[in-house]
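Visitor: Please choose one part of this chain and look at it closely. I would like to know how it is put together and what lies around it.

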Amino acid sequence: MFGSGLLKGLGVTLKHFTETFADDRRKEPSRYEGSIQVDETRRIIHQPISQEGLLTIQYPEERRLLPERFRYIPMLIWDTEAGEDRCTACGICAKVCPPQCIWIVRDSDEQGKPITRPAEFYIDVAVCMSCSFCAEFCPFDAIKMNHDYELAVYDRYPQLVYDKEELTVPVEYYAALWPTQYAVEEAQRARQKEEERRREEEKKKAAEAKAQAKATDGEGSTAKPKRSKEELEALKAQAAAKAAARKGGEGSEAEDKTEDADAAARRARLEELKRKAAEKAAQRKKESGE
C-alpha cells in the first residue's frame, strides 16, 4: 500500500517516544544506571551499546564515560619508581609522525655531551591527527594517548603548542586510563626483567665453575706442559744438527744427523706422553678406589 513505509517509520518514532517518556518518569532512569555521581549537578554516564531510550547527554553537566581505547593527544610518561622520564629523546616518534607535529631537543651534560633524556619536547596539538603512531612505535613505552579532549582555546599559538611540562603525566595516571593495556605491558616488562636476571645468574655460575676448574687443575688449563730432560736433550741435539747442516751445506751426513735428532725428539715426546697417561690412569684409579 502506498505510504506504508512512512506509517511504519512514524510508528517506530512513536514507540521510542513512549518508551523514553515512561523511562524518564522513573526514579532513576535507565540511562543513569551504572553512572558515577560527581556532585549534585555533575554525573559521568556509561552508555552501553544495548541501551535503549533517551541517549542524549546533557553536556557539560553530564559526560560520557570514555572507553579505554579512546585516544586524543599524546602524553609523556614519568616513571615514578625510577624517578625519571621514560623518554630517551631517540626521535622515533618525530620521524613516524605523519603531520610532523613533534619537535624534540636532546639534553646534554656539563661538558656538552648528549645524554638520553629530552631537554625540550613540543607537540602542536592543532596539527596532531591522533593517529597514535608515536605511541605504537615508541620502544620505551614513553608516550601514550591521553583521554583529555577539552582543549578549546581562543588563541592557537602558543596555547595549542604543548611543551614537556604540559605533556608529562605520572605512570599512575596512565594506569588509571588504560588499565588493561598497562597490565599487559607490566607483565611483559616483568618477564624481560626475569629473563635478564636468569641470564646474569647463568653467566655468573659459568664464571664460578670456570674459576673452580682452573683452581683444581694444578697445571692450569692455559699452562704450557713442562718438557722432560730427554725432550730437552733431543731438542738441543736437533738444533745442533740443523746448525751444522746450515754450516756444512746440504750434505748427506748433516741430513742423517737431523733425521736422527728428529727421531730422538719424537721418541722422547712419545715416552713423555705415555708417562703422563700412566700417571692420570693411576690417579683416576686411586680416586675411584677411595
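Guide: Helices are DSSP runs of H or I with at least four residues, and strands are DSSP runs of E with at least two, both numbered from the N terminus. The model is predicted. By that definition the chain has eight helices and 10 strands. The part taken here is an open sheet of three strands, in the order S6-S7-S9, with antiparallel pairing. Its edge strands are S6, residues 102-108, and S9, residues 161-162, each of which pairs on one side only.

Start with the pairing of S6 and S7. These two strands run antiparallel and are joined by six bridges. Across this pairing, Arg106 stands opposite Pro118 in S7. S6 and S7 form a hairpin with five residues between the strands, and Gly112 in this hairpin has a positive phi near 85°.

S7 also pairs with S9, again in the antiparallel sense, through two bridges. Ile123 is placed opposite Tyr162 of S9. The loop between S8 and S9 contains Pro158. The peptide bond that joins Tyr157 to this proline is cis, with omega about 5°. A second cis peptide bond runs from Tyr59 to Pro60, where omega is near 10°. Pro60 also belongs to a loop, the one between strand S2 (43-45) and strand S3 (62-64).

Now the packing around the sheet. The largest nonpolar core has 28 residues, and Ile102 and Phe121 are the members that touch the most others. Elements that each supply at least two residues to this core include strand S4 (74-79), helix H2 (92-96) and strand S7 (114-124). Helix H3 (133-137), strand S8 (143-145) and helix H5 (171-177) likewise supply at least two residues each. Apart from neighbours within four places in sequence, Ile102 is in contact with Cys93, Ala94 and Cys97, and also with Phe121, Tyr122, Ile123 and Cys134. Ile123, the residue opposite Tyr162, is thus found again among the contacts of Ile102.

Cys134, another contact of Ile102, leads to the cysteines. The structure holds zero disulfides. Cys134 is in none, and the nearest cysteine sulfur, in Cys131, lies 6.3 Å away. Cys134 counts as buried because its relative accessibility is 8%, below the 20% cut-off. Cys90 is not bonded to Cys138, the holder of the closest cysteine sulfur, because the 6.0 Å between the two sulfurs is too far for a bond. The cut-off for a disulfide is 2.5 Å between the sulfur atoms. Cys90 has a relative accessible area of 33% and is therefore partly exposed.

Two loops in this region carry unusual backbone angles. The loop between S7 and H3 holds Ser132. Ser132 is not a glycine, yet its phi is positive, near 65°. Its relative accessibility is 7%, so Ser132 counts as buried. The other case is Ala89, in the loop between strand S5 (84-85) and H2. Ala89 also has a positive phi, about 60°, without being a glycine. With a relative accessible area of 8%, Ala89 is buried as well.

For contrast, consider a residue in a long stretch of helix sequence. Helix H6 covers residues 179-216 and includes Glu195. Glu195 is partly exposed because its relative accessibility is 30%, which falls between the limits of 20% and 50%. Its side chain makes a polar contact with the side chain of Arg198 at 2.3 Å.

Some values for the whole chain give the setting. Of its 290 residues, 24% count as buried. Among contacts with a separation of 6 or more, 60% are between residues 24 or more positions apart. The chain exposes about 21,600 Å², and carbon and sulfur atoms supply 55% of that area.

Definitions and conventions:
Residues numbered from 1 in each chain as written. Predicted model: local features only at pLDDT ≥ 70, side-chain atom pairs only at ≥ 80, totals over all residues. Heavy atoms only, no water. Core = buried A, V, L, I, M, F, W, Y, C linked by side-chain atoms within 4.5 Å. Buried < 20%, exposed > 50% of the residue type's maximum accessible area, 1.4 Å probe, protein only. Contact = heavy atoms within 4.5 Å. Pairing = 2+ DSSP bridges. Polar contact = N/O pair within 3.5 Å; in protein donor to acceptor, adjacent residues only side chain to side chain. Areas by Shrake-Rupley, 256 points an atom, 1.4 Å probe, with all protein chains shown as cover.
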